[in-house]
Amino acid sequence: MKKYIVLGLIALFTAYHSQAQSNCSSYYPLVDGANFQYTNYDKKGKEDGQITYKVTDVQNSGSTTNATMMMEMMDKKGRAYTSDYEVTCEGDVIKIDFKSLMNEQMLSQMGDVEMDISGTDVELPNNLSVGQELPDANMEVKMKMGGGINMNTNIETLNRKVEKQESVTTPAGTFDCYVIYSETKTKMMMTNQTFPSRIWLAEGVGMIKQESYNKNGKLMGSMVLTQYSK
């Protein structure tokens, strides 16, 4: 389960998703009660778990929207982990309260582990265009485990660029999307790896699909929107 929690945090950071509100981001909107389910697939296309997000307690103040996100991750064996975290949307900037992820439920799933998460804000302009370059982002996860073992993971999202527009069909429907390419650089212990990925974003909905590749460009896994309601 620890593996799925860490992978879920990375997915949350590299493909951050929420729901629509007219006075906030067109692609990271926040609407009370919105519910989105994503299914993860491995490189062979076999189902490898699910992540569900629900938006609750939305508060608007001028051009700023604050909301609580309920996240449930379920691995392929049916083991589930849930967490609430706080999100602020202001203009082109989405701010994740990383420390709010560190609730008692999450820590109990991790066992005898202390964890601290920090990072930079994720920016996405309301007006996307093909060829547009987007700001980099960063997240750091520090874990203290039993026996004096420490493990730090640094995840950078680099070279973000709007590649193209295209229509995408998933079990949730057909969506007109912008495709954003990026490279995720992960430093963990003595390992330093960089992998490309692509995210398909639809206005008023958010992330529709994500694909991750190895250094040779071969598909390693994907996440697809399979159900949603607002």
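The exercises below deal with strand pairing, hairpin turns and a charged patch in a predicted model.

Residues are numbered from 1 along each chain as its sequence is written. In this predicted model, local features need pLDDT of at least 70, side-chain atom pairs count only at pLDDT 80 or more, and totals for chains, interfaces and linings use all residues, while side-chain values use heavy atoms and leave out hydrogens and water.

**Exercise 1. Find the two strands that pair with β1, and give one residue pair for each.**

Step 1. Strands are DSSP runs of E with at least two residues, helices are runs of H or I with at least four, and both are numbered from the N terminus. Two strands pair if DSSP finds at least two bridges between them.

Step 2. Strand β1 covers residues 35–42 and is antiparallel to β14 (residues 219–229), with 8 bridges. Here Asn40 lies opposite Met223.

Step 3. β1 also pairs in the antiparallel sense with β2 (residues 47–61), over 6 bridges. Asn35 faces Lys54 of β2 in this pairing.

**Exercise 2. Follow the chain from β1 to β4 and name the glycine with positive phi in each hairpin.**

Step 1. Between β1 and β2 there are 4 residues, and Gly45 in the turn has a phi of about 85 degrees.

Step 2. β2 and β3 (residues 64–74) are antiparallel over 10 bridges, one of them joining Ser61 to Thr64. Their hairpin has 2 residues between the strands, and phi of Gly62 is near 65 degrees.

Step 3. β3 and β4 (residues 80–90) form an antiparallel pair with 11 bridges, in which Ala67 is matched with Val87. This hairpin has 5 residues between its strands, and Gly78 has a phi near 90 degrees.

**Exercise 3. Which residues other than glycine, in β2 and β10, have a positive phi?**

Step 1. Most residues other than glycine have a negative phi.

Step 2. Asp57, in strand β2, has a positive phi of about 50 degrees. Its relative accessibility is 47%, so Asp57 counts as partly exposed (buried is under 20% relative accessible area, exposed over 50%, partly exposed in between; 1.4 Å probe, protein chains only).

Step 3. Asn159, in strand β10 (residues 149–170), has a positive phi near 50 degrees. Asn159 is partly exposed because its relative accessible area is 45%.

**Exercise 4. Which residues form the negative surface patch, and where is Asp32?**

Step 1. Charged patch members have over 30% relative accessible area and no salt bridge, with like charges joined within 9 Å. A salt bridge puts a side-chain nitrogen of Lys or Arg within 4 Å of a carboxyl oxygen of Asp or Glu.

Step 2. The patch consists of Asp32, Asp57, Asp84, Glu86 and Asp97. Asp32 sits in the loop between α1 (2–14) and β1.

Definitions and conventions
Patch = residues over 30% accessible without salt bridge, like charges linked within 9 Å, V, L, I, M, F, W, Y side chains within 5 Å. Areas by Shrake-Rupley, 256 points an atom, 1.4 Å probe, with all protein chains shown as cover. Lys, Arg positive; Asp, Glu negative; His and termini not counted. Charge placed at Lys NZ, Arg CZ, Asp CG, Glu CD.
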